[in-house]
Amino acid sequence: MRPYRLIAPAKINLLLEIIGNRPDGYHELVMVLQSIDLADEIEIKPVSGDRIALQCDHPQVPSDETNLAYRAAKLMQENFPGHGGLEISIQKRIPIGAGLAGGSTDAAAVLVGLDLMWSLGLTQEDLHCLAAKLGSDVPFCIAGGTALALGRGEELSPLTDLDQLYAVLAKYRSLSVSTPWAYQTYREKFGHAYAQDPSAQEARRRTGPSVPLLSAIAHRNGLAIAQALHNDLEKVVLTAHPKVAQLRETLANKSALGGMMSGSGPTVFALADNSQDAQQIASQLSQELPDPDLDVWVTKLIAHGIHLAPTDEG
Ligand code: ATP
C-alpha cells in the first residue's frame with residue numbers, strides 16, 4: 001500500500017433549474033455541470049490501526065467527522081473493512097461555501113484514492129453508488145467533464161467536452177452562501193409555481209432553459225452557450241446580496257460571451273473563448289473593482305474530474 005496524491009477539480013453550473021419537490025424532501029433539478037481547472041490537492045496515506053486523521057491548510061474547513069472527505073473515508077472503511085486507517089491532507093484552493101462543490105470534490109477524491117490505495121478495482125458504477133450516499137454533487141465530481149444532471153443531481157449523462165472555453169471566476173472572500181439556505185428560501189418564495197406531479201415535471205424539463213443550452217453544447221458554440229446560461233437560485237441569492245448582483249453584472253459586461261452565478265453562489269463567472277480574452281476580462285474587472293476582498297481566478301473548462309497529481313503518475 002502506498003500514498004496517493006489526487007487533484008480534485010471544482011465545478012461551475014452552466015444551468016441550474018428547479019423543477020419541483022421530490023418525495024424525499026429534496027428538489028427535483030435539471031443541472032448542467034462543468035469541471036474547471038481550479039482544484040484542491042488531496043493526499044491519502046495508510047496508517048496503522050483503524051483511525052482516520054484529516055488535516056487541511058484552510059482554517060475554515062473542519063478537520064473532524066463533519067468534513068465530507070472524512071465522511072467519504074468512513075464510508076469506505078464501513079463498506080471495505082480490514083484495510084486499516086488513513087491520513088488525509090487537503091490543500092485547499094477552492095473557496096469555501098462558494099457554489100463550486102469544494103467539499104464534494106474532496107470527498108470524490110477520497111473515494112477514488114482509496115479504491116487505488118486498497119486495490120479494490122471498483123467500477124464507475126460502484127463509485128457512483130458510494131458517492132451518491134455522500135451528497136448530490138459528489139457523483140459528478142468523480143468523472144467530471146461536462147454533464148447533464150437530473151434528479152437531485154446524481155442522475156448523470158455525459159455531454160460534449162467544452163475544454164476549448166475559459167471561465168473567469170470572481171468571489172468576495174468574506175462572503176459565503178449556505179446551499180441549504182438558498183434552496184429553502186427559493187422554496188418559500190417560488191414553491192407555489194413548482195411542477196406538482198411527475199408528468200408536469202417531465203413537461204417542464206422538455207420545454208425549459210436546458211433545451212437551447214444542450215443544443216449549444218452539442219455544437220460547442222461558446223456564444224450560444226453563454227446566451228443560454230440559466231440559474232434559478234440567482235433570484236434569491238442576488239436579491240439577498242446586492243453586492244454579488246453588481247459583481248455579476250460588471251463581470252458579465254466585460255465578457256463578449258456573458259456570465260452567471262454558479263450553483264448557490266456567491267461565485268460568479270464569465271465565459272471566454274480563449275486564454276487572452278479571459279486574462280483581459282480578469283484584469284479589467286480588478287481595475288474596475290479594486291477591492292482587496294475580491295478574489296478573481298482565470299480557469300479553463302476541463303474534460304475530466306478526479307485525477308492523479310502529475311507528481312504521482314507512475
Ligand atoms: P456546493 O457547490 O456543493 O453547494 P459549496 O462550494 O457551496 O458546495 P463547500 O465549499 O463544499 O460549499 O462547503 C460548504 C460547507 O461544508 C462549509 O461551510 C464547510 O464547513 C463544510 N465542509 C465540509 N467538508 C468540507 C471540505 N472538504 N471542504 C470545504 N468545506 C467543507
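**Exercise 1. What volume does the largest pocket have, and which residues lie nearest its centre?**

Before starting, note that this is a predicted model, in which local features need pLDDT of at least 70 and side-chain atom pairs count only at pLDDT 80 or more, while totals for chains, interfaces and linings use all residues. Residues are numbered from 1 along each chain as its sequence is written, and side-chain values use heavy atoms, with hydrogens and water left out.

Step 1. Fix the term: on a 1 Å grid over the protein atoms alone, a pocket is an open set of points where a 1.4 Å probe fits, with protein on both sides within 12 Å along at least five of seven lines, and lining residues have an atom within 4 Å of a point.

Step 2. Read the volume, which is the space filled by probe spheres set on the points, these being joined across faces, edges and corners; for the largest pocket it is about 1100 Å³.

Step 3. Turn to the lining, which has 45 residues, with Leu68, Ser104, Asp137, Thr179 and Pro180 nearest the centre of the pocket.

**Exercise 2. Find which element gives the largest share of the lining of the largest pocket**.

Step 1. Elements are DSSP runs numbered from the N terminus, with at least four residues (H or I) for a helix and at least two (E) for a strand.

Step 2. The largest share, five residues, comes from H5.

Step 3. The lining residues divide into 19 nonpolar, 19 polar and seven charged, where Ala, Val, Leu, Ile, Met, Phe, Trp, Tyr, Cys and Pro count as nonpolar, Asp, Glu, Lys and Arg as charged, and the others, Gly among them, as polar.

**Exercise 3. Describe which residues come nearest the ligand, and give its polar contacts with Lys92, Leu100 and Asp106**.

Step 1. Of the 20 residues around the ligand (a heavy atom within 4 Å), Gly97, Gly103, Asp106, Asp137 and Thr179 come nearest.

Step 2. Look for polar contacts, pairs of N or O atoms within 3.5 Å: a polar side-chain atom of Lys92 lies 2.9 Å from a ligand nitrogen, and a polar side-chain atom of Asp106 is likewise 2.9 Å from a nitrogen atom of the ligand.

Step 3. With Leu100 the polar atom belongs to the backbone, and it lies 3.1 Å from an oxygen atom of the ligand.

Technical notes. Polar contact = N/O pair within 3.5 Å; in protein donor to acceptor, adjacent residues only side chain to side chain.
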